[in-house]
Amino acid sequence: MTTHADSAIVLVGPMGAGKTSIGKRVAKVLEVGFVDTDATVVRSHGAISDIFATHGEAHFRELEREAVAHALTQGGVVSLGGGSVLDPATRSDLRAHRVALLTVSPALVAGRIGGGHRPLLADEGEDPVARWRRILEERMPLYTEVADATFDTSHGPLSDVVDQIVAWARTAAPKGHS
């Protein structure tokens, strides 16, 4: 069983919330490793948009689940893809870890998600921000289910959010250990 000392600090939240950029900075301050599970999938299997196009979302979710399960065993800071929480086994695994939900306002997310290769936002018939909002509404109950704390990335310097997460992570215990 994972103990508080070796539990990972896991960042969850919607696309564009800053999980990767904030996660890297938190890991640096805490002097621990950092894993972005989407990047792990890309390194092993190619671009996420190509996986979606060739094999479908279900296959991507299987690869994502494997990447998440492995990353959680490594400890440190782990940034999960926005849809990782859809998997019941992942949600169960997260109970042994400190989970921070990163949120962002819809007004700011447009600039963060534009120009990327995000297959779930690629529907040309729908505005990407409208689609992002719909996906967020569907996933928010799962994010709040797994989260131990919530941090809004919409305002102020990124360094302030990093400092808040670092302070929280140094004292937080995973839900499964409270």
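# Close-up views of a predicted model

**View A. The buried residues of helix α3 pack against α2 (37-45) and α4.** Contact here means heavy atoms within 4.5 Å, and helices (H or I, at least four residues) and strands (E, at least two) are DSSP runs, numbered from the N terminus. What you're looking at is a predicted model, where local features need pLDDT of at least 70 and side-chain atom pairs count only at pLDDT 80 or more, while totals for chains, interfaces and linings use all residues. Residues are numbered from 1 along each chain as its sequence is written, and side-chain values use heavy atoms, with hydrogens and water left out.

Which residues of α3 are buried? In this helix (residues 48-55), they are I48, I51 and F52. Looking down the axis of α3, these buried residues fall within an arc of 100 degrees, so they line one face of the helix. (The arc is that of the directions from the helix axis to the C-beta atoms.) On the other side of α3 you'll find A53 and T54, both exposed. "Buried" means under 20% relative accessible area, "exposed" over 50%, and "partly exposed" in between, using a 1.4 Å probe and protein chains only. Right after α3 comes G56, with a positive phi near 95 degrees.

**View B. Here are the aromatic pairs, 2 of them in the structure.** F52 and F60 make a tilted pair, 5.3 Å centre to centre with 40 degrees between the planes. Both F52 and F60 are buried. F151 and W168 make an edge-to-face pair instead, with centres 5.7 Å apart and 65 degrees between the planes. This second pair links distant parts of the chain, since F151 sits in strand β5 and W168 in helix α8 (residues 158-171), 17 residues apart. F151 counts as buried at 8% relative accessibility, and W168 does too at 14%. As for the rule, rings of Phe, Tyr and Trp (its six-membered ring) pair if their centres lie within 6.5 Å; planes under 30 degrees apart count as stacked, over 60 as edge-to-face and the rest as tilted.

**View C. Five strands, one open sheet: the order is β2-β3-β1-β4-β5, with parallel pairing.** At the edges stand β2 (34-36) and β5 (149-152), each with a single partner strand, so one side of each is left without a neighbour in the sheet. On average, neighbouring strands are turned by 20 degrees against each other, direction ignored. Two strands count as paired if DSSP finds at least two bridges between them. β2 and β3 pair in the parallel sense over 3 bridges, and D36 has S79 in β3 as its bridge partner.

Now for what lies on the sheet. Helix α1 (residues 19-30) lies across β1 (9-12), β2, β3 and β4 (98-103), running at about 165 degrees to β2. Helix α7 packs on the sheet as well, touching β1 and β4, and its direction makes about 145 degrees with that of β4. Axes are lines fitted to C-alpha atoms, for helices over the stretch in contact, and angles run from 0 to 180 degrees between N-to-C directions.

**View D. Strand β4 is mostly covered, with 6 of its 6 residues buried.** In a regular strand the side chains alternate between the two faces of the sheet. Both faces of β4 are covered: R98, A100 and L102 are buried on one side, and V99, L101 and T103 on the other. β4 runs parallel to β1, joined by 4 bridges, and parallel to β5, also by 4 bridges. L101 in β4 has V12 opposite, and L101 also stands opposite T150 in β5.

**View E. R65 forms salt bridges with D87 and with D93.** A salt bridge is a side-chain nitrogen of Lys or Arg within 4 Å of a carboxyl oxygen of Asp or Glu, and by this rule the count comes to 6. D87 and R65 meet at 3.8 Å, N to O. D87 lies in the loop between β3 (77-79) and α5 (88-94) and R65 in helix α4 (residues 57-74), so the pair ties together parts that are 22 residues apart in sequence. For R65 and D93, the closest N and O atoms are 2.8 Å apart. D93 is in helix α5 and R65 in helix α4, so this pair ties together parts 28 residues apart in sequence. Both acids are partly exposed: D87 has a relative accessible area of 25%, and D93 has 28%.

**View F. E138 and R134 meet in a salt bridge at 3.8 Å, N to O.** They are 4 residues apart in helix α7 (residues 128-146), separated by about one helical turn. R134 counts as partly exposed at 35% relative accessibility. Elsewhere, salt bridges that share partners join E57, R61 and E64 into one network.
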